[in-house]
Amino acid sequence: MGKIVLVTGAARQLGGRFVRRVQRDPGVDRVIAVDAVAPSHQLGDAEFVLADIRQSAITRVLAEHSVDTVVHLDVSAKASGAGGRTTVKETNVIGTMQLLGACQKSPTVQRLVVKSSTNVYGSAPRDPAVFTETTPPKSLPSGGFAKDAVEVEGYVRGFARRRPDVAVCVLRFANILGPEPDSPLADYLALPVLPTVFGYDPRLQFVHEDDVVDVLEIASREPRRGTLNSGTFNIAGEGVLLLSQCSRRLGRPTVPLLLPAVTWVGSALRTIGMTDFSPEQIRLLTHGRVVSTVQMRETLGFRPKFTTAETFAEFARSRGPGLLPPERVGRAVGRLAELPLGQGAAGTTHSTHGAR
């Protein structure tokens, strides 16, 4: 890893965890943590710089500290401070443009790591069963965070062509979950009752917060023997879960609705601020999305500690029991299965006959 590492999005929970982790690497001299808002968590011995990556001041930050490794984590579907969707889009897209412009001017930058998302593949009815890193989407995302991620990756590819001397790694994360998730999907799964699209049961993949920090560390340092950490990689836990399985494991009942009704419910939930039930999330909860992780294992050399099911189990434990806890439902089903239905029916008949 480079001697001086700059991390954007340090005020976010994930950014703070990575800042604390990277300091433990003996090859790192300094860590520069950057965000437009002050973090509420500790950053260890990192030097925090209050700076908005949408502004040209980020160029001065890179130059003053002679940064050689940039880890760009300030690409998210949710705002970290005040502001709505407009602020998020500006940070994701304009902020990335400014940061890449600063990296292009910097003679010291040698490695760039960018947090992206499998949202770039979209969700459509004719999607392939499994997306690889080179599979084009059937239909490009038309808005929201998915479109932001597509634009961010486009700017990163342009930077890689202009600065071929810089090692560039793009990590496309599946839905990130764990004990402390911060995403619209996690907010949706925390609802007491889950609105779903009638007739659909999408396949979903998850990646654990711990694995996210681990793979970021691998991507940020020099590659290990037999691996390559430059390029684009899908990052997800092994296996898939159906949305119906997720709801049962959470103990949260579902309410199947026709697609127009789900869209209306999504708008209502956004209005009252319960969750950002965006059109792209509705498409995910309709058609699902599964990505191949062969390159993650064979080229990047990373194997997650948590499977998709184990990641979801961690998330479910952190949420507490829902309206229909799986254990209670299981015991009730077990008791029903043990009832002597035939004898009970005969007894009822006999009792009625005696009454006559």
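A residue counts as buried when its relative accessible area is under 20%. The structure treated in these exercises is a predicted model.

**Exercise 1.** Determine whether Leu189 is buried or exposed, and identify its surroundings.

*Solution.* Leu189 belongs to helix 5, residues 184–189. Its relative accessible area is 0%, and therefore Leu189 is buried. Leaving aside residues up to four places away in sequence, Leu189 touches Leu177, Leu194, Leu243, Leu250, Arg252, Phe312 and Phe315. Arg319 is 130 residues away from Leu189 along the chain, yet their C-alpha atoms are separated by 9.2 Å.

**Exercise 2.** Classify the packing of helix 3 against helix 4.

*Solution.* The axes of helix 3 (residues 85–105) and helix 4 (residues 144–162) are 10 Å apart and form an angle of about 5°. Angles under 35 degrees count as roughly parallel, and the two helices are therefore roughly parallel to each other. Among the residues in contact are Val88, Val93 and Leu100 of helix 3 and Phe145, Val152 and Phe159 of helix 4. By class, this contact has 10 nonpolar, 4 polar and 5 charged residues.

**Exercise 3.** Describe the environment of strand 6 and its pairing with strand 5 and strand 11.

*Solution.* Strand 6 (residues 167–173) has 7 of its 7 residues buried, so it is largely enclosed by the rest of the structure. On one side lie the buried residues Ala167, Cys169, Leu171 and Phe173, and on the other Val168, Val170 and Arg172, also buried. Strand 5 (residues 111–117) runs parallel to strand 6 and is joined to it by 7 bridges. The chain passes from strand 5 through helix 4 to strand 6 in a right-handed β-α-β crossover. Strand 11 (residues 231–235) also pairs with strand 6 in the parallel sense, over 5 bridges. Arg172 is the bridge partner of Ser116 and stands opposite Asn234 in strand 11.

Note on methods
Residues numbered from 1 in each chain as written. Predicted model: local features only at pLDDT ≥ 70, side-chain atom pairs only at ≥ 80, totals over all residues. Heavy atoms only, no water. Helix = DSSP H or I, 4+ residues; strand = E, 2+ residues; numbered from the N terminus. Buried < 20%, exposed > 50% of the residue type's maximum accessible area, 1.4 Å probe, protein only. Contact = heavy atoms within 4.5 Å. Axes fitted to C-alpha atoms, helices over the stretch in contact; angles between N-to-C directions. Parallel < 35°, antiparallel > 145°, perpendicular 65-115°, else oblique. Nonpolar A, V, L, I, M, F, W, Y, C, P; charged D, E, K, R; others polar. Pairing = 2+ DSSP bridges. Right-handed = clockwise from strand over helix to strand, strands pointing away.
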